[in-house]
Amino acid sequence: MAEAHAVHAHGKNHDYHLVDPSPWPFLASLGAFLLAVAAIQYMHGASPWWMVPGVLVVLYTMFVWWRDVIKEGQKGDHTPVVQLHLRYGMILFIASEVMFFVAWFWAFFDASLFPNEAHQVARAAFTGGHWPPQGFEVFDPWHLPLLNTLILLTSGTTITWAHHALLHDDREGLKWGLVCTVALGLIFSVVQAIEYLHAPFAFGGPVDGPYGPDAGNIYGATFFMATGFHGFHVIIGTLFLIVCLFRAMAGHFTPKAHFGFEAAAWYWHFVDVVWLFLFFAIYIWGGWGAPVHG
């Protein structure tokens with residue numbers, strides 16, 4: 001009777017998951033600290049190789065921490081309540097990413113809508129008082145940018161196909177939907193790399209202005225920061241989906257328990273939507289009236 005009472009006292013009688021003690025939060029903070037110190041030193045002239053240990057520690061921590069979360073899900077620790085809270089966490093993460101891109105769009109629209117701002121003397125000198133800046137060639141939006149738009153829109157349909165297949169326990173449809181989405185993500189990154197290699201402008205110059213030819217390039221800076229960070233998110237999303245593909249092959253996902261896949265799909269749709277804003281705002285509207293790079 002006493003044993004039964006002890007089991008009841010110490011047994012789990014709630015829907016929450018209390019994680020076991022883990023070294024990964026401490027190791028993650030240590031890696032981030034090493035990386036930050038090395039990055040600061042690099043900005044002051046030190047070798048970039050000093051950042052390698054911090055990067056390796058951060059990547060290792062990410063791998064083992066997410067591995068443990070996957071194991072928790074496989075053991076059944078991700079109850080419906082835990083899954084709901086994981087979804088809340090993913091929603092908040094994507095919301096923070098939205099605000100991250102708001103900052104880059106804000107910088108772009110501030111420069112493009114007010115190229116001749118009276119309080120921004122240097123900006124008016126560099127832009128010539130209009131947008132795109134005077135003498136700039138821009139990308140043809142109906143060439144590689146349009147191709148990448150079609151690629152991402154297609155990838156949105158393939159990830160939806162994979163999700164629909166998973167909900168109906170169609171394992172082959174799930175795998176092939178993920179394969180197609182990963183392939184399209186890789187193609188997008190290759191096309192963007194080709195586009196960057198043929199860019200008619202640089203990130204920071206040259207620009208003819210009162211402060212010299214290399215003083216700055218507001219068009220190139222806003223363009224590459226917005227599209228470059230989006231490209232980085234595509235790479236992260238592709239890696240996310242590759243992990244989901246391997247997990248699907250291992251039989252991890254079920255129609256009722258597949259938060260890892262769901263989070264990857266949400267993230268990928270977010271990447272798609274951001275690109276549509278970039279395509280219309282930066283490539284089409286932002287380059288309107290400027291000579292097109294041949």
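## Exercises on a predicted all-helix chain

Glutamate 195 is buried, since its relative accessible area is 2%. The model examined in these exercises is a predicted one.

**Exercise 1. Determine where glutamate 195 is placed and which residues it touches beyond its sequence neighbours.**

Step 1. Locate the residue: glutamate 195 belongs to helix α7, which covers residues 171–197.

Step 2. Assign the burial class. The cut-off for buried is under 20% relative accessible area, and glutamate 195, at 2%, is therefore buried.

Step 3. List the contacts. When residues up to four places away in sequence are not counted, glutamate 195 touches Phe139, Leu144, Pro145, Phe223 and Tyr283.

**Exercise 2. Describe the secondary structure of the chain and the share of its residues that count as buried.**

Step 1. Count the elements: the chain has nine helices and zero strands. Along the sequence they give the pattern α-α-α-α-α-α-α-α-α.

Step 2. Consider burial: 36% of the 294 residues count as buried.

Step 3. Consider the contacts along the chain. Taking those between residues at least 6 apart in sequence, 75% join residues at least 24 apart.

**Exercise 3. Compare the record's "transmembrane region" spans 142–162 and 218–246 with the helix content of the model.**

Step 1. Read the record. The unreviewed UniProt entry lists residues 24–43, 49–67, 88–109, 142–162, 174–198, 218–246 and 266–286 under "transmembrane region".

Step 2. Examine residues 142–162: this span is 90% helix and 0% strand, with its end C-alpha atoms 29 Å apart.

Step 3. Examine residues 218–246: here the chain is 100% helix and 0% strand, and the end C-alpha atoms lie 42 Å apart.

**Exercise 4. Characterise the largest pocket by volume, lining and position relative to the domains.**

Step 1. State the volume, which is about 1700 Å³ for the largest pocket.

Step 2. Identify the lining. The largest pocket is lined by 41 residues, and Met62, Trp66, Ile70, Phe240 and Val243 lie nearest its centre. The elements giving two or more residues to this lining are α3 (52–75), α4 (80–113), α8 (218–249) and α9 (259–285). Helix α3 gives the most, with eleven residues.

Step 3. Sort the lining by class: 23 residues are nonpolar, twelve are polar and six are charged.

Step 4. Place the pocket. Domain 1 (17–77) and domain 2 (79–284) both give residues to the lining, so the largest pocket lies between them.

**Exercise 5. Characterise the second largest pocket in the same manner.**

Step 1. State the volume, which is about 350 Å³ for the second largest pocket.

Step 2. Identify the lining. Of its 18 lining residues, His17, Val19, Asp20, Asp68 and Glu72 are the closest to the centre of the second largest pocket. Helix α3 supplies the largest share, six residues.

Step 3. Sort by class: the lining of the second largest pocket has eight nonpolar, three polar and seven charged residues.

**Exercise 6. For glycine 220, valine 179 and alanine 290, relate position and burial to a residue distant in sequence.**

Step 1. Glycine 220 is in helix α8 and, at 0% relative accessibility, counts as buried. Its C-alpha atom is 9.9 Å from that of phenylalanine 136, although the two are 84 residues apart in sequence. Leaving aside neighbours within four places, glycine 220 is in contact with Phe201, Ala202 and Phe203.

Step 2. Valine 179 is in helix α7 and counts as partly exposed at 30% relative accessibility. The C-alpha atoms of valine 179 and leucine 241 are separated by 8.7 Å, with their positions 62 residues apart along the chain.

Step 3. Alanine 290 is in the segment after α9 and counts as buried at 15% relative accessibility. Alanine 290 and glutamate 137 are 153 residues apart in sequence but 6.2 Å apart in space, C-alpha to C-alpha. Leaving aside neighbours within four places, the contacts of alanine 290 are Pro132, Phe136 and Val138.

**Exercise 7. State what is notable about the phi of aspartate 169, and place the residue.**

Step 1. Recall the general rule: most residues other than glycine have a negative phi.

Step 2. Apply the rule: aspartate 169 is not a glycine, yet its phi is positive, at about 60 degrees.

Step 3. Place the residue: aspartate 169 is found in the loop between α6 (144–167) and α7. With a relative accessible area of 47%, aspartate 169 is partly exposed.

Conventions. Residues are numbered from 1 along each chain as its sequence is written. This is a predicted model: local features need pLDDT of at least 70, side-chain atom pairs count only at pLDDT 80 or more; totals for chains, interfaces and linings use all residues. Side-chain values use heavy atoms; hydrogens and water are left out. On a 1 Å grid over the protein atoms alone, a cavity is a set of points where a 1.4 Å probe fits but cannot get out, and a pocket is an open set with protein on both sides within 12 Å along at least five of seven lines; lining residues have an atom within 4 Å of a point. Grid points are joined across faces, edges and corners, and a volume is the space filled by probe spheres set on the points. Helices (H or I, at least four residues) and strands (E, at least two) are DSSP runs, numbered from the N terminus. Ala, Val, Leu, Ile, Met, Phe, Trp, Tyr, Cys and Pro count as nonpolar, Asp, Glu, Lys and Arg as charged, and the others, Gly among them, as polar. Domain bounds come from an automatic or database domain assignment. Buried means under 20% relative accessible area, exposed over 50%, partly exposed in between (1.4 Å probe, protein chains only). Contact means heavy atoms within 4.5 Å. UniProt positions are given in the numbering used here, feature names are shortened, and annotations may be inferred rather than shown by experiment.
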